[in-house]
Number of protein chains: 2
Amino acid sequence: MHKPCTYARVKYVTTEARSVPNKRDIILEATIRVLRERGLSGLKVEEVARQAEVGKGTVYLYFEDKQDLLKALVEYHTQRFYADAAEITASERPFRERLERLLARRLAFVDEWRGLWAAVAREANPKGQKAWLTGLHQHYQGILERFVASGVASGELRPDLDVELTAAALAAFGCSPQLDFPREPYIQQLAEVFMKGVCA
Amino acid sequence: MHKPCTYARVKYVTTEARSVPNKRDIILEATIRVLRERGLSGLKVEEVARQAEVGKGTVYLYFEDKQDLLKALVEYHTQRFYADAAEITASERPFRERLERLLARRLAFVDEWRGLWAAVAREANPKGQKAWLTGLHQHYQGILERFVASGVASGELRPDLDVELTAAALAAFGCSPQLDFPREPYIQQLAEVFMKGVCA
């Protein structure tokens with residue numbers, strides 16, 4: 001299975017080798033468009049190939065079957081979110097500002113996948129699902145632990161916080177409500193409750 | 001479609017009428033057992049009837065088809081959770097104690113349905129899903145708004161809280177993490193962060 005190259009590796013590979021991750025990404029982008037238009041039951045490899053402007057055989061160069069394609073799709077989108085989350089939380093900005101940016105990015109990710117993610121994940125990996133999803137989430141938990149620890153280190157957060165459990169609470173806190181509240185005041189309120197709580 | 005009777009109504013109805021919601025509930029309980037054992041793809045009305053110890057025709061007296069059965073199942077379990085949430089949050093206990101009980105019940109509900117709820121909800125109501133789920137969630141949002149308002153009224157919560165957005169934040173906060181933390185300290189931490197925040 002091809003993995004996306006890191007930038008460090010791409011620097012030194014030939015033009016042809018560099019085109020490999022790009023075509024893979026193009027196919028994954030086409031897959032999400034087909035999913036949005038036709039839903040999971042309407043997802044056909046032929047249509048993915050057509051939208052990606054490649055032959056059907058090319059799709060099978062990168063992905064064993066539809067299940068493998070869906071698994072790669074979940075990982076591709078999740079890892080793009082994690083990369084953004086890592087960048088946002090590791091910046092030099094004040095903790096509160098990083099928190100609001102993280103919540104905004106997280107809610108956009110949840111919105112993007114709402115109603116689709118669980119179905120895709122289930123179809124992508126019906127057997128080893130729990131271990132696979134736990135592995136993905138463990139990575140996010142690590143990002144959030146470093147974020148909380150950075151806030152403790154800078155003195156913006158309480159020194160007695162349990163870093164691991166606070167990170168887990170923050171992960172839970174980033175779920176979007178089923179109701180459509182105006183996004184900006186909702187994010188402000190989430191950040192305010194997380195930072196200062198609700199006690200009188 | 002039969003609806004479960006409220007206790008107030010059941011008091012005054014005949015034995016035969018009282019047996020109606022019971023048989024319906026027995027079928028719904030059998031459905032969840034079959035789902036747990038065989039998954040959504042293995043759910044057959046015959047097997048539900050066998051486990052409920054009724055004829056297949058009896059299932060169709062209460063539910064039009066499998067889709068109707070699944071929709072009723074989601075509503076049955078969701079409304080049982082909401083009834084518990086309403087009872088917990090409306091009690092006379094201190095706000096913090098009610099909050100911890102609510103979070104414990106909420107996480108148990110999420111655990112019970114993890115990986116199954118979204119798939120069942122999708123199959124149960126593929127077309128009107130968003131409006132249907134929003135309607136269900138609106139009820140929970142109402143319970144949480146009354147809960148937050150009661151804490152403001154008693155002076156346990158800040159008087160300047162936006163009740164609607166704080167309730168929405170609390171709804172988001174009740175999501176279970178994908179990782180298995182020991183439940184009791186996790187609930188304590190959720191409650192602590194919600195009540196007092198993380199600021200230094």
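**Salt bridges and symmetry in the predicted model**

Within helix H3 of chain A, which spans residues 45-52, Arg50(A) and Glu47(A) are 3 residues apart and are therefore separated by about one helical turn. In this predicted model, the two residues form a salt bridge in which the closest N and O atoms are 3.0 Å apart. The partners differ in their surroundings: Arg50(A) counts as exposed, at 56% relative accessibility, whereas Glu47(A) is buried, with a relative accessible area of 10%. The assignment of Glu47(A) follows because buried means under 20% relative accessible area, and Arg50(A) is classed as exposed because its value of 56% falls in the range over 50%.

The pair in helix H3 belongs to a wider set, since a search of the whole structure finds 26 salt bridges over all chains. Among them is a salt bridge between the side chains of Arg105(A) and Asp84(A), with an N to O distance of 2.7 Å. Arg105(A) lies in helix H6 (residues 95-113) of chain A and Asp84(A) in helix H5 (residues 66-89) of chain A, so that this pair ties together parts that are 21 residues apart in sequence. Asp84(A) is partly exposed, its relative accessible area being 30%.

Helix H6 of chain A also contains both Arg101(A) and Glu97(A), which are 4 residues apart, about one turn of the helix. The side chains of Arg101(A) and Glu97(A) meet in a salt bridge, at 3.5 Å from N to O. Both residues count as partly exposed, Arg101(A) at 40% relative accessibility and Glu97(A) at 30%. Apart from such pairs, salt bridges that share partners join Arg96(A), Glu100(A), Glu192(A) and Lys196(A) into one network.

Turning to the relation between the chains, chain B is superposed on chain A by a rotation of 180 degrees with 0.0 Å of shift along its axis, and the RMSD of this superposition is 0.0 Å. The two copies are thus related as by a two-fold rotation axis. The contact residues are in keeping with this arrangement, in that the same surface serves both copies and 100% of the contact residues of chain B recur in chain A.

Key: Residues are numbered from 1 along each chain as its sequence is written. Chains are lettered from A and ligands numbered from 1 in the order in which they are written. This is a predicted model: local features need pLDDT of at least 70, side-chain atom pairs count only at pLDDT 80 or more; totals for chains, interfaces and linings use all residues. Side-chain values use heavy atoms; hydrogens and water are left out. A salt bridge is a side-chain nitrogen of Lys or Arg within 4 Å of a carboxyl oxygen of Asp or Glu. Helices (H or I, at least four residues) and strands (E, at least two) are DSSP runs, numbered from the N terminus. Buried means under 20% relative accessible area, exposed over 50%, partly exposed in between (1.4 Å probe, protein chains only). Copies are superposed by least squares on the C-alpha atoms of residues with pLDDT of at least 70 in both. Contact means heavy atoms within 4.5 Å.
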